[in-house]
Amino acid sequence: MPRIVAPVTARERQERLDRLFDRLAASASDEDARRFESGIEALWSQSGSDTADLLTQRALELAASEDSAGALTLLRAALEAKPDYAEGWNKRATLFFLKGDYGRAMQDIRETLRHEPRHYGAWAGLGRILEQTGDERRALDAYRRALAINPRIDGLRDQVTKLAEKVQGREI
């Protein structure tokens, strides 16, 4: 769960994110990367709307108790309250993915990336959907985009290597 961060202005939030992304890209260890990821994700979790934040938190609780229908209802309300809330779109995309509704998951991933193009989790999720639906070339591209933003995503580098060999063949 993301740590609690004091509310910030939109400009301060963007400046903090920029610094954290720079540090994440240059992180020397997995431990450092996890610390920067935690800071990024804590900022992402703040929508700028107390209502959207509360609805999202409650949706996550419902999802954890396997009430995905209730969670989806609350996330829809959160996004109505704060339509530019990238992490709200991402959370809903994850629920659609878990339900096997890849079309709606991809729509929400597009919204996530429209509001936060550096959302490495959304890029990785898009890659997973594309790979599972047989579009391995585009999946590889999405995975590579995720790694360009966060080079230390657990297991993704190995997945890219395997998929690249499958898509492009082995080098001689």
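Glu66 sits in the loop between helix 3 and helix 4, where helices are DSSP runs (H or I, at least four residues) numbered from the N terminus. Although Glu66 is not a glycine, its phi is positive, about 70°. Glu66 is exposed, with a relative accessible area of 72%; here exposed means over 50%, buried under 20% and partly exposed in between, using a 1.4 Å probe and protein chains only.

A word on the ground rules: this is a predicted model, in which local features need pLDDT of at least 70 and side-chain atom pairs count only at pLDDT 80 or more, while totals for chains, interfaces and linings use all residues. Residues are numbered from 1 along each chain as its sequence is written, and side-chain values use heavy atoms, with hydrogens and water left out.

**Four residues and their accessibility**

Here are Glu66 and three other residues, each with its place and its relative accessible area.

| Residue | Place | Relative accessible area | Class |
|---|---|---|---|
| Ser27 | loop between helix 1 (10-25) and helix 2 | 10% | buried |
| Thr51 | helix 3 | 47% | partly exposed |
| Glu31 | helix 2 | 58% | exposed |
| Glu66 | loop between helix 3 and helix 4 | 72% | exposed |

Leaving aside neighbours within four places in sequence, Ser27 is in contact (heavy atoms within 4.5 Å) with Asp32, Ala33, Phe36 and Arg152. Arg152 also serves as a reference point for Glu31: the two are 121 residues apart in sequence, and their C-alpha atoms are 9.9 Å apart in space. For Thr51, the C-alpha distance to Arg16 is 23 Å, with their positions 35 residues apart along the chain.

**Helix 5 and its surroundings**

Helix 5 covers residues 86-98, and its 13 residues should span 18 Å at 1.5 Å a residue; the end C-alpha atoms are 19 Å apart, which agrees. The expected span is 1.5 Å times one less than the number of residues. Of those 13 residues, 10 are buried, so helix 5 is mostly covered. The buried set consists of Ala86, Glu87, Gly88, Trp89, Asn90, Arg92, Ala93, Leu95, Phe96 and Phe97. Their cover includes helix 2 (30-44), helix 3 (50-64), helix 4 (68-81), helix 6 (102-115) and helix 7 (120-132). After helix 5 comes Gly100, with a positive phi near 85°.

Let us look at two of these partners. Helix 4 packs against helix 5 at an angle of about 155°, with the axes 10 Å apart. Axes are lines fitted to C-alpha atoms, for helices over the stretch in contact, and angles run from 0 to 180 degrees between N-to-C directions. Helix 4 and helix 5 are therefore roughly antiparallel, a class for angles over 145 degrees, while under 35 counts as roughly parallel, 65 to 115 as roughly perpendicular and the rest as oblique. Helix 4 passes helix 5 in a left-handed crossing, meaning that the near helix is turned anticlockwise from the far one by less than a right angle; clockwise would be right-handed. On the helix 4 side, the contact is made by Ala71, Leu72, Leu75, Arg76 and Leu79, and on the helix 5 side by Gly88, Trp89, Lys91, Arg92, Leu95 and Phe96.

With helix 6, the axis of helix 5 comes within 8 Å, and the two cross at roughly 165°. Helix 5 and helix 6 are therefore also roughly antiparallel to each other, and their crossing is left-handed. Helix 5 contributes Ala86, Trp89, Asn90, Arg92, Ala93, Phe96 and Phe97 to this contact, and the helix 6 residues include Tyr102, Ala105, Ile109 and His115.

**Helix 7 and the nonpolar cores**

Helix 7 has 13 residues and reaches 18 Å from first to last C-alpha, close to the 18 Å expected at 1.5 Å a residue. Its buried residues include Tyr120, Trp123, Leu126 and Ile129. Among the elements covering the buried residues of helix 7 are helix 1, helix 5, helix 8 (136-149) and helix 9 (156-168). Just after helix 7, Gly134 has a positive phi of about 90°.

Tyr120 returns in the largest nonpolar core, which has 43 residues; Phe21, Ile40, Tyr120 and Leu156 have the most contacts inside it. Such a core is a set of buried Ala, Val, Leu, Ile, Met, Phe, Trp, Tyr and Cys residues joined through side-chain atoms within 4.5 Å. A second, separate core of five residues includes Ala52, Ala78, Leu79 and Tyr85.
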